[in-house]
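Hi,

Here is the structure I promised to pass on. Have a look at it first, and my notes follow underneath.

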Amino acid sequence: MSPFTIQQISPEFLKQVPFPSFLLNREGVVLHVNDACEKLIGFSEHHLQEQPIQSTFFSTAPPRFLELIMDSKDSLRFNELQLSHKDDHLVSVSLLTKPCVVLGKPVILCMMIPTENSQLVDRSHQNLVDFYNGIHQSFMTVTIDHEGFIIHCNSDFLKTSQWTPKRVLGKTIWHLFPSADGDNKIVKAIWKTLQNRQIWQGDVEKVTKNGQPYWVHLTAIPTFGATPADTQYIFIEKDITADKKIQLQLEKIAYIDTETGLMNTHRLEHVITDMIEEQRHFSFVYLSIDKFYTLKELHANTEESSLIIDFTKRLKMYFQDSTMARINENDFVVITPLPEWFIQGFQTYLQQNPIYNNHSAVPLSISGGITRFPEDQHSFTQLMKASLATIATVREAGGNQIIALSKTTHTALNRKALIEKRLLLALNQQNLKVLYQPQLNLKTGKISAVEALVRWDDEEVGVIAPHELIPIAEETGLINRIGSYVIEQACQQAVIWQKAGFDLTISINSSVREFRDKNMAKSILQTLERTGCPAHLIQIEITEKFALEAEAETSIIKQMRQLENEGITFALDDFGTGYASFRYMQLLPIEILKIDQTYISSLLQSEKTKRLIDGMIHFGQSMNLTVIAEGVETAEQKELLTSYGCDAIQGFYVSKPAEAREIEKLYQA
Ligand code: C2E
Ligand code: CA
Ligand code: CA
């Protein structure tokens with residue numbers, strides 16, 4: 001049969017065709033539909049008859065589709081047509097049309113072959129297609145293959161990037177970014193993320209074909225095919241160059257001190273961090289104008305440029321080619337490779353080139369600190385901290401000097417900083433511990449109390465003795481946390497001992513700083529309650545310095561009284577080392593006096609000390625106080641103190657501070 005012969009078919013032919021098929025008349029109106037066709041599209045023959053084909057069936061037919069079919073003398077094939085199913089999903093088919101004659105009338109036989117796998121393409125697929133088209137229309141898009149080669153891009157991308165399709169296709173992803181030599185950290189990060197099958201999103205700088213920078217907000221999405229080689233990466237980009245320019249301007253403003261034009265602390269931090277990274281040696285010179293606010297007041301009425309601007313001019317003149325920053329109102333930093341003697345010469349320079357106010361020289365005094373990298377300190381924060389410590393030292397000595405702290409001072413500063421850092425960790429991890437030192441009651445010959453003493457053996461720093469730890473903790477405010485830790489431990493221990501039948505009071509050291517917290521008494525009482533510890537088992541030791549300060553602060557006295565009412569007793573520690581004022585004896589609820597160990601250590605050396613200690617003991621007892629001698633190391637000392645009528649002793653003679661279990665042994669001995 002020649003392809004050009006019009007085939008005669010019978011009306012039954014349609015029923016025998018194994019494909020979904022229908023017949024059209026020459027006007028494109030449906031005449032007959034077979035069962036398979038009804039099934040494929042979900043409509044009955046009755047519903048479809050007399051309907052024009054285009055509107056009924058094919059939503060994605062090519063233009064002039066019907067005319068093509070009608071005019072053709074031969075069979076035609078249309079691939080990937082989408083047929084709307086009654087239930088609103090799309091069926092993808094190939095359509096084969098063939099002019100025929102049925103009962104003498106020209107018709108067109110239409111057979112539909114569902115495309116590959118005869119899968120149903122549902123609406124969501126169409127949604128995806130629409131979505132994809134939408135993205136390509138509103139963003140710059142670039143598609144990259146699994147090896148990083150550009151395989152597709154849209155017109156918006158070409159416009160911004162100034163590439164032509166011919167040139168850009170087949171280039172690698174690296175060509176779209178600055179430093180195309182494969183060294184761009186961001187591109188590496190993007191590529192790695194995509195290869196981990198994750199989406200990368202962020203603002204990135206790109207370059208046009210001619211190397212012009214532009215900024216985009218990029219979303220890079222990996223898409224997966226059947227095999228790894230089918231993986232593609234779609235870059236969806238929005239041009240944000242204009243926003244970025246504004247942002248950079250703002251950043252610049254944020255980095256500059258508007259009054260002097262010098263960089264500010266934020267910028268300085270970046271600069272210093274970079275210099276440190278590059279291992280560049282320098283001196284960090286911190287200069288602070290003394291009594292600045294008084295000077296400012298004096299200078300306030302002048303029309304001339306401000307004191308600060310004149311000062312900045314002097315700085316720039318003297319420290320040429322050095323980096324300088326304004327840290328705050330009256331503080332400046334100069335980063336310079338110049339030697340110490342030259343830096344210190346700035347004082348003389350200022351005297352020789354004074355700043356004038358109403359024709360008289362302003363008496364400018366500068367306190368300064370020179371800290372060197374890498375000899376003295378190793379980070380921006382450390383340089384700043386060390387500088388502030390230096391300035392404080394200078395100011396204490398009257399100001400108006402530029403000095404460099406000694407190597408030992410820097411070492412000490414660094415140790416302090418390290419201890420601060422480690423202490424915070426130790427507190428969080430409960431790495432501190434408490435030892436107990438017994439007090440021997442001389443009247444009964446029994447151990448009646450112990451003093452709780454904090455111990456800290458840090459992994460990194462080693463053993464940190466209380467005399468180093470406590471001042472640092474007080475300075476940083478961590479003393480409150482040490483205090484509550486020790487109290488908690490002591491209360492728990494007191495309860496254990498009470499239950500085991502030991503009659504032991506626990507004495508705790510406390511710092512005035514802890515009592516400045518208005519909730520100190522409350523939190524102690526809460527600890528007692530939580531641990532089930534009776535108040536009479538706890539004593540609190542305060543120093544004379546504490547007593548003196550408490551005297552002036554009614555809230556401290558109030559808290560002490562509150563604790564006393566609950567049954568806690570107070571001891572005056574280190575008696576004799578503080579201030580010769582006994583007023584606090586009247587004001588504070590003190591019941592115990594602890595004579596400081598310095599007196600006891602010289603007890604046997606002079607008659608005078610003997611009389612002094614004897615006097616102290618009698619003084620305490622006349623006030624109805626229990627008197628304890630601290631630092632007792634020998635039997636001789638003990639005998640003498642017993643003969644004076646001292647109530648109790650504490651010291652190495654009885655025992656060094658020890659673990660709770662050893663205290664129990666001593667108690668039972
Ligand atoms: P302190 O309250 O006077 O404690 C007595 C100190 O003398 C303890 O030193 C103890 O080990 C030592 N000592 C005891 N007997 C003798 C002796 O016979 N001879 C000599 N030479 N020394 C003796 P430590 O434990 O180093 O404590 C030093 C200071 O640190 C304490 O002096 C106390 O003021 C403070 N401290 C210790 N633990 C705490 C605490 O938990 N909180 C507070 N706020 N301060 C504490
Ligand atoms: Ca003490
Ligand atoms: Ca003491």
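Let me start with a spot out on the surface: Asn624 is exposed, with a relative accessible area of 72%. You'll find Asn624 in the loop between helix 26 (607-622) and strand 28 (626-629). What caught my eye there is the backbone, since Asn624 has a positive phi of about 70° without being a glycine. Keep in mind throughout that this is a predicted model.

Glu50 does much the same thing: Glu50 isn't a glycine, yet its phi is positive, about 70°. Glu50 sits in the loop between helix 3 (45-48) and helix 4 (53-56), and with 65% relative accessibility it counts as exposed. One more backbone oddity is the cis peptide bond from Phe373 to Pro374, where omega is near 5°. Pro374 belongs to the loop between strand 18 (366-373) and helix 16 (380-396). I flagged these because most residues other than glycine have a negative phi, and most peptide bonds are trans.

On confidence: the average pLDDT for the protein is 89, and 94% of the residues score at least 70. The stretch to be wary of is 117-121, where the pLDDT is below 50; in the model it has 8 contacts beyond near neighbours in sequence.

As for the overall layout, there are four domains in the assignment:

- domain 1 covers 4-114
- domain 2 covers 126-243
- domain 3 covers 255-405
- domain 4 covers 430-668

Taken over C-alpha atoms, the centres of domain 2 and domain 3 are 48 Å apart.

Now the salt bridges, which come to 26 in total. Here are some I'd look at.

Asp203 pairs with Lys244, with 3.8 Å between the closest N and O atoms. Asp203 is in strand 10 (residues 200-207) and Lys244 in helix 10 (residues 241-255), so this bridge ties together parts that are 41 residues apart in sequence. The two partners sit in rather unlike surroundings: Asp203 is partly exposed at 34% relative accessibility, whereas Lys244 is buried at 10%.

Strand 10 also supplies a partner to the next pair. Lys206 forms a salt bridge with Glu237, and their closest N and O atoms are 2.5 Å apart. Lys206 lies in strand 10 and Glu237 in strand 12 (residues 232-239), so the pair ties together parts that are 31 residues apart in sequence. Are these two buried or exposed? Both Lys206 and Glu237 are buried.

Further along, Arg415 and Glu468 meet through their side chains in a salt bridge, at 2.7 Å from N to O. That pair links distant parts of the chain, with Arg415 in helix 17 (residues 407-428) and Glu468 in helix 18 (residues 466-476), 53 residues apart. Arg415 is partly exposed, with a relative accessible area of 30%, and Glu468 is partly exposed too, at 25%.

Beyond the pairs, there is a salt-bridge network that links Asp257, Glu259, Arg326 and Glu329.

Back to helix 10 for a moment, this time for its nonpolar side: Ile246 lies in that helix. Together with Leu250 and Ile253, Ile246 makes a nonpolar surface patch of about 310 Å².

Two buried residues are worth a click as well. Ile402 is part of strand 19 (residues 401-404), and its relative accessibility is 5%, so it counts as buried, the cut-off being under 20%. What does Ile402 touch, leaving aside its neighbours within four places in sequence? Its contacts are Leu287, Ile343, Gln344, Phe346, Gln347, Gly368, Gly369 and Ile370. Tyr356, by contrast, is 46 residues from Ile402 along the chain, and their C-alpha atoms are separated by 22 Å.

The other is Ser510, in the loop between strand 24 (505-509) and helix 20 (512-516). Ser510 is buried, with a relative accessible area of 12%. Not counting residues up to four places away in sequence, Ser510 touches Phe515, Ile540, Glu541, Ile542 and Phe546.

That's what I have for now. Over to you!

Cheers

Conventions: Residues numbered from 1 in each chain as written. Chains lettered and ligands numbered in written order. Predicted model: local features only at pLDDT ≥ 70, side-chain atom pairs only at ≥ 80, totals over all residues. Heavy atoms only, no water. pLDDT = per-residue confidence, 0-100. Contact = heavy atoms within 4.5 Å. Domains from an automatic or database assignment. Salt bridge = Lys/Arg side-chain N within 4 Å of Asp/Glu carboxyl O. Helix = DSSP H or I, 4+ residues; strand = E, 2+ residues; numbered from the N terminus. Buried < 20%, exposed > 50% of the residue type's maximum accessible area, 1.4 Å probe, protein only. Patch = residues over 30% accessible without salt bridge, like charges linked within 9 Å, V, L, I, M, F, W, Y side chains within 5 Å. Areas by Shrake-Rupley, 256 points an atom, 1.4 Å probe, with all protein chains shown as cover.
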